[in-house]
Amino acid sequence: MPGLLLPIIALATTALSLPASARAQEPGNAGEAPGSAVQTTSQDPGGLANEKPKAPAEQEAPGGTDMSVTAESPGTDLPFGNKAGAASGEAPGDEYRETPEEKLQRYFELYKEAMENEVYAEADVLAKQVVELSIAIFGIDSLDSARALTNLGIAQHQTENYESAIANYEAAIDVIERTEDRLNKNLVNPLKGLGAAQLASGRPDLASETFERAVHVTHVNEGPHNLMQVEVLESLAETYLAVGKLDEVEVLTEIIFGLEARGLALDSMEILPVLEKQAYWQHRLQLFEKERYTWRKVIDIIEDNSGDDDLRLIPPLTGLGKSYLYVGTMDSPYYQPTAITSGEVYLKRAVRIAEDNPDATWQMQEDTLLALGDFYILSGQASRARRVYQDAWELLSSGEERLANRREHLETLVVLQDINPPKYVGIDGEVRSQLPGDDYETGKIVYDYSVTSRGFTNDVVLVEA
């Protein structure tokens, strides 16, 4: 998810103090057990610092059908029109004179290919050519030109040229408003893109207004319970999260759950993806007791429908086990005193399922072993972690694909907690997302420290302030 790194808002919770850790294998013999290393940073128990604003929504082709697709990253969409002789990205030969429509189709196909291959600078150039052709063929006041402008905004967003992206999204919105009306459903996609660009450029205030308008447009056209709005609500939740409006985020995630669970039995297998998404948001909001309740519900549904050794139990067991590394607020109605070691039981069960189920792959075994080893590192049990990493090392010590995984996951440093401290903290201890004025000076503090063989820091010395 590319985007702008925004200030991190610290939450008023009691978070377990854990070292920010990593696993790595020092050079040695193939049969030696992997070691561990620790990267020392400040804490981020809820995982908020690891999230970035979503990229703009993928858009439709000029002359194509409006589509609402994932907001995660650009991909492919419907091709322009349905013109014969323009399906290939290659230019026609000299014996055939290409029509303007076919040329537009060909450029759009090349644009799609560039976006899919993440060659965003090339996609930017191609999108500009698509805009020029669309305006020449259809005129500026057409939905086709609005779609072309939106696609250009997407490419510019990916190159982090947010100012130009915003201008083109706004131009697309203006065209649709002139040719249709201010509540036309074709406004939803450029509004999503505009909001994402505003958020990435550091204007969450404008982004929230844009996303709220997009939600309203979906309500007018599709009704209050439409699923088209889910992506927009998730983007709005990210916007509120960036500025620390955590209560609003919780409300939005409950709305999203209600929309996606509508018409599904709450004890059916079909509800599982919805519950898993809910647990994800609860973790980010540091609602760890609620997260554990949700993971247990997922596990109960799978056990009731598929038994106690189903491979689908591995992700929720892993999520439940990891949740015990964190402690939420004591004033929560869901709060229950828990010990870190409680998570070990669920992670070990995930390992057993991966080892005993004949349909399990070696990748599943690897993932469960690494999750258990990482849990031990983060809970200060380095000796236990070493034994688990040794098992993973032996599992990955034959075959090129396994050896490649071993090099990536055990022979190089793997950061387990990549934490960004809050941007501003007052002398009163208050965490701020921005300064209240301009009359401030900036500075830096530099510390020197050592990392022990067990992965802990010592000899911390203030070098410069």
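In this predicted model, Arg-178 pairs up with Asp-174 in a salt bridge, with the closest N and O atoms 2.2 Å apart. The two residues sit four positions apart in helix H4, so about one helical turn separates them. Neither side chain is tucked away under the cut-offs used here: Arg-178 comes out at 43% relative accessibility, which makes it partly exposed, and Asp-174, at 36%, is partly exposed too. The pair is also part of something wider, since a network of salt bridges links Asp-141, Asp-174 and Arg-178. Another salt bridge joins the side chains of Glu-177 and Arg-182, at 3.1 Å from N to O. Arg-182 counts as exposed because its relative accessibility is 52%, and the cut-off for that class is over 50%. As a general point, side chains of opposite charge can pair when their charged atoms come close. Across the model, the tally of salt bridges comes to 20.

Helix H4 itself covers residues 162-179, which makes 18 residues. From the first C-alpha to the last, H4 reaches 26 Å, close to the 26 Å expected at 1.5 Å a residue. Its buried residues are a mix of side chains: Tyr-162, Ala-165, Ile-166, Asn-168, Tyr-169, Ala-172, Ile-173, Val-175 and Ile-176. As for what lies over these buried positions, the cover includes helix H3 (143-158), helix H5 (188-200) and helix H6 (204-222).

Helix H3 has a salt bridge of its own. Arg-147 is bridged to Asp-144, and here the closest N and O atoms are 3.8 Å apart. Both residues belong to H3 and are three residues apart, about one turn of the helix. Arg-147 and Asp-144 are both buried, whereas Asp-174 in the H4 pair is partly exposed at 36%. Thr-150 is also found in helix H3. With a relative accessibility of 1%, Thr-150 counts as buried, the cut-off being under 20%. The side chain of Thr-150 places a polar atom 2.8 Å from the backbone oxygen of Ala-146.

Further along the chain, helix H8 (residues 246-261) packs against helix H9 (residues 272-284). The angle between them is about 175 degrees, and their axes lie 10 Å apart. H8 is therefore roughly antiparallel to H9. On the H8 side, the contact is made by Val-249, Thr-253, Glu-254, Ile-256, Phe-257, Glu-260 and Ala-261. H9 brings Val-274, Leu-275, Lys-277, Gln-278 and Trp-281 to the same contact.

Helix H14 (residues 382-395) is home to Trp-393. This tryptophan has a relative accessible area of 3%, so Trp-393 is classed as buried. His-409 is 16 residues from Trp-393 in sequence, and the two C-alpha atoms are 9.5 Å apart in space. H14 has 14 residues and runs 20 Å between its first and last C-alpha, close to the 20 Å expected at 1.5 Å a residue. The buried residues of H14 take in Ala-382, Ala-385, Val-388, Tyr-389, Gln-390, Ala-392, Trp-393 and Leu-395.

Two residues stand out for their backbone angles. Glu-118 is not a glycine, yet has a positive phi of about 60 degrees. Glu-118 lies in the loop between helix H1 (100-116) and helix H2 (120-138), and counts as exposed because its relative accessibility is 56%. Asp-459, again not a glycine, has a positive phi of about 55 degrees. In this case the residue is in a strand, E7 (residues 457-464). With a relative accessible area of 54%, Asp-459 is classed as exposed.

Taking the chain as a whole, the protein has 15 helices and seven strands. Of its 465 residues, 47% count as buried. Counting contacts with a separation of 6 or more, residues 24 or more positions apart account for 61%.

Terms used
Residues are numbered from 1 along each chain as its sequence is written. This is a predicted model: local features need pLDDT of at least 70, side-chain atom pairs count only at pLDDT 80 or more; totals for chains, interfaces and linings use all residues. Side-chain values use heavy atoms; hydrogens and water are left out. The expected span of a helix is 1.5 Å times one less than its number of residues. Buried means under 20% relative accessible area, exposed over 50%, partly exposed in between (1.4 Å probe, protein chains only). Contact means heavy atoms within 4.5 Å. A polar contact is a pair of N or O atoms within 3.5 Å; within protein, one must be able to donate a hydrogen and the other to accept it, and residues adjacent in sequence count only if both atoms are side-chain atoms. A salt bridge is a side-chain nitrogen of Lys or Arg within 4 Å of a carboxyl oxygen of Asp or Glu. Axes are lines fitted to C-alpha atoms, for helices over the stretch in contact, and angles run from 0 to 180 degrees between N-to-C directions. Angles under 35 degrees count as roughly parallel, over 145 as roughly antiparallel, 65 to 115 as roughly perpendicular and the rest as oblique.
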